[in-house]
Amino acid sequence: MPNLNRIFTAFKDTVATKFGPNPAKMLIYTGVLGWFLSSAAQVMAIAVNDKIPKEQKMFLIPQEIGDGAINVLSFFLVTSSIKALASKLASSGKLATPKIRQFLTDSGINIKTKNGWKVLKDFDFSKFNIKNMTNFDQIKPEYESFKNGVDVIGMTVGSILSCNIITPILRNKYAAERQQKTLASLNKIDQEKVNYPKGISIDVYKKLAAMKYSSGNLKI
Amino acid sequence: MSVFTYLGRNMASVSLNSIGNFSFSRTYDKIGRKITRAVLNSIGSREHLPTVSNPKTIRAIDWIGKKLSSAENRLILGASALLSQPFIDASNKEVDSETRRYSICRTVAKIIAGTLTGYTIRKLCIKSIDAFTKLPLEVKPDAKFKNLRQMLLPSIKCTTDELSQYKNSLGTLLALGVMVFTNFIIDAPLTKYLTNVFAGSSKPGAKKEVENAKSK
């Protein structure tokens, strides 16, 4: 029988090691997990709903999975990309505080000028990482505090962009097409007949919306 | 493939690399590095490196890194969602005006319900985890469930900030589990109720109907 106490301790230590020093990583992971669980819950809601006919379930379940995939992918790609960029700005020393700049100047990475700081022409920011410097311990507390803040800001900006701008636009497009197709198949009428400007009546929309238990925003 | 998709994928690869030393392929990494270099070079000048000098801004950045938990993050997302999503729905010309009005009401209702429950449950879960992640000196002699107060402490050494982030993470994970159920128990009915309220009050002629009813 597995030792539950050992598993529990290992779980706590993994959370502490993975997320303790890196709060932005935790926000991304739990965000992705949240989107995934939210979509899974919606799929489950349709699957166990007796009021929805079997034929419609066959359509609604893959549709919900598709919707969830858009949410998860958009959140992960956009948010992690912007977080990675913010992270690289701090770790490469491109963006820094005066204390970090002074440390980089003392280490010969930055050059102090009249107006501020600069780097040599051939300096490659993409290869440089402050953490890999031999004297990193001298600036560790200042750097980690600044970098964690920049990471969380990057993550928050990324999630606003993906959850509140990109995903709703994509979803609206996808949903409009989907509704027109559903309406056409439900009423057995030609697809062309339901196109804009006729649109969809509010009663049909409500009927379709009621079939979906919930969708859309980040619920979790 | 669009530039954005290309950039997104490669930046994602950079992020994955930093997370778990994961590499798609050498060529892919090379392309990723080239894009990272191009993006980094396009931000700020090499002759005048961007430096955050304002002490207040530095303190704010530090505070965000240390104190911003998933609960506050959810609140920020909810507030910004209210400022953007209804307008995105309002500009959706692919549906008729009545459907658009109903979808705006539903979006606002979903945001309010989702943010309220999301924020509250996260906060409560983080607080609950905190109550059982006490350091030996923090446990008062007369505290209730004294023996359980340290049960969630990790066995590895952590700094105070790391321990606080650990509590946030564990609290958020617990909240995710709780919200699988509250999604149906609270969110869905609250969204339905709010949608009906908003849809009723935003109906063209709703004011007149109310006035007529009052005069009768």
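## Reading a predicted two-chain model

Modeller: Of the 220 residues in chain A, 42% count as buried. Please keep in mind that this is a predicted model.

Colleague: Happy to. What share of chain B is buried?

Modeller: In chain B, buried residues make up 31% of the 216 residues.

Colleague: How should I read the confidence of chain A, and where is it lowest and highest?

Modeller: Begin with the average, then look element by element. The mean pLDDT of chain A is 79, and 83% of its residues reach 70 or more. Confidence is lowest in helix α6 of chain A (residues 202–211), with a mean of 58, and highest in α4(A), at 92. In addition, the pLDDT is below 50 over residues 191–197 of chain A, a stretch that has 10 contacts in the model beyond near neighbours in sequence.

Colleague: Next, the fold. Which elements does each chain have?

Modeller: Chain A has six helices and two strands, and along the sequence its pattern is α-α-α-α-β-β-α-α. Chain B has seven helices and zero strands.

Colleague: And how many of the contacts join residues at least 24 apart in chain A?

Modeller: Taking contacts in chain A between residues at least 6 apart in sequence, 70% join residues at least 24 apart. For chain B, residues 24 or more positions apart account for 61% of the contacts with a separation of 6 or more.

Colleague: Now the contact between the chains. How many residues does each chain give?

Modeller: Chain B gives 72 residues and chain A gives 77. On the side of chain B that touches chain A, the elements giving two or more residues include α1 (3–20), α4 (70–90) and α6 (160–201) of chain B. The most comes from α6(B), with 16 residues. By class, that side of chain B has 33 nonpolar, 26 polar and 13 charged residues.

Colleague: What general idea helps with nonpolar cores?

Modeller: In soluble globular proteins, nonpolar side chains tend to be buried together. Here, the largest nonpolar core has 35 residues, and A:I100 and A:V150 touch the most other members. Both chains take part: α3 (54–91), α4 (98–106) and α5 (140–186) of chain A, together with α4 and α5 of chain B, each supply at least two residues of this core. The most comes from α3(A), with 10 residues.

Colleague: Which residues are in contact with A:V150, leaving aside its neighbours within four places in sequence?

Modeller: Those are A:A86, A:L89, A:A90, A:L95 and B:I61. Apart from the largest core lies another, of 23 residues, among them B:L68, B:I121, B:I129 and B:L176.

Colleague: How do I read a single helix, say α4(B)?

Modeller: An α-helix has 3.6 residues a turn, so residues three or four places apart point the same way. In α4(B), the buried residues include B:S70, B:N73, B:R74, B:L77, B:A81, B:Q85 and B:D89.

Colleague: Why does the length of α4(B) agree with what it should span?

Modeller: At 1.5 Å a residue, the 21 residues of α4(B) should span 30 Å, and the end C-alpha atoms are 29 Å apart, so the two agree. There is also a bend of about 40° in α4(B), at B:A81.

Colleague: One last residue: why does B:A199 count as buried?

Modeller: B:A199 is buried because 20 other C-beta atoms lie within 10 Å. B:A199 is found in helix α6 of chain B and, leaving aside neighbours within four places in sequence, is in contact with B:Y102 and B:C105. From B:A199 to B:G78 is 20 Å in space, C-alpha to C-alpha, while the two are 121 residues apart in sequence.

How values were computed: Residues are numbered from 1 along each chain as its sequence is written. Chains are lettered from A and ligands numbered from 1 in the order in which they are written. This is a predicted model: local features need pLDDT of at least 70, side-chain atom pairs count only at pLDDT 80 or more; totals for chains, interfaces and linings use all residues. Two residues are in contact if their C-beta atoms, placed from the backbone, lie within 7 Å. Helices (H or I, at least four residues) and strands (E, at least two) are DSSP runs, numbered from the N terminus. Ala, Val, Leu, Ile, Met, Phe, Trp, Tyr, Cys and Pro count as nonpolar, Asp, Glu, Lys and Arg as charged, and the others, Gly among them, as polar. The expected span of a helix is 1.5 Å times one less than its number of residues. The bend at a residue is the angle between axes fitted to the seven residues ending there and the seven starting there. A residue is buried if 20 or more other C-beta atoms lie within 10 Å of its own, exposed if 12 or fewer, and partly exposed in between; C-beta atoms are placed from the backbone. A nonpolar core is a set of buried Ala, Val, Leu, Ile, Met, Phe, Trp, Tyr and Cys residues joined through C-beta atoms within 7 Å. pLDDT is the predictor's confidence in each residue, from 0 to 100.
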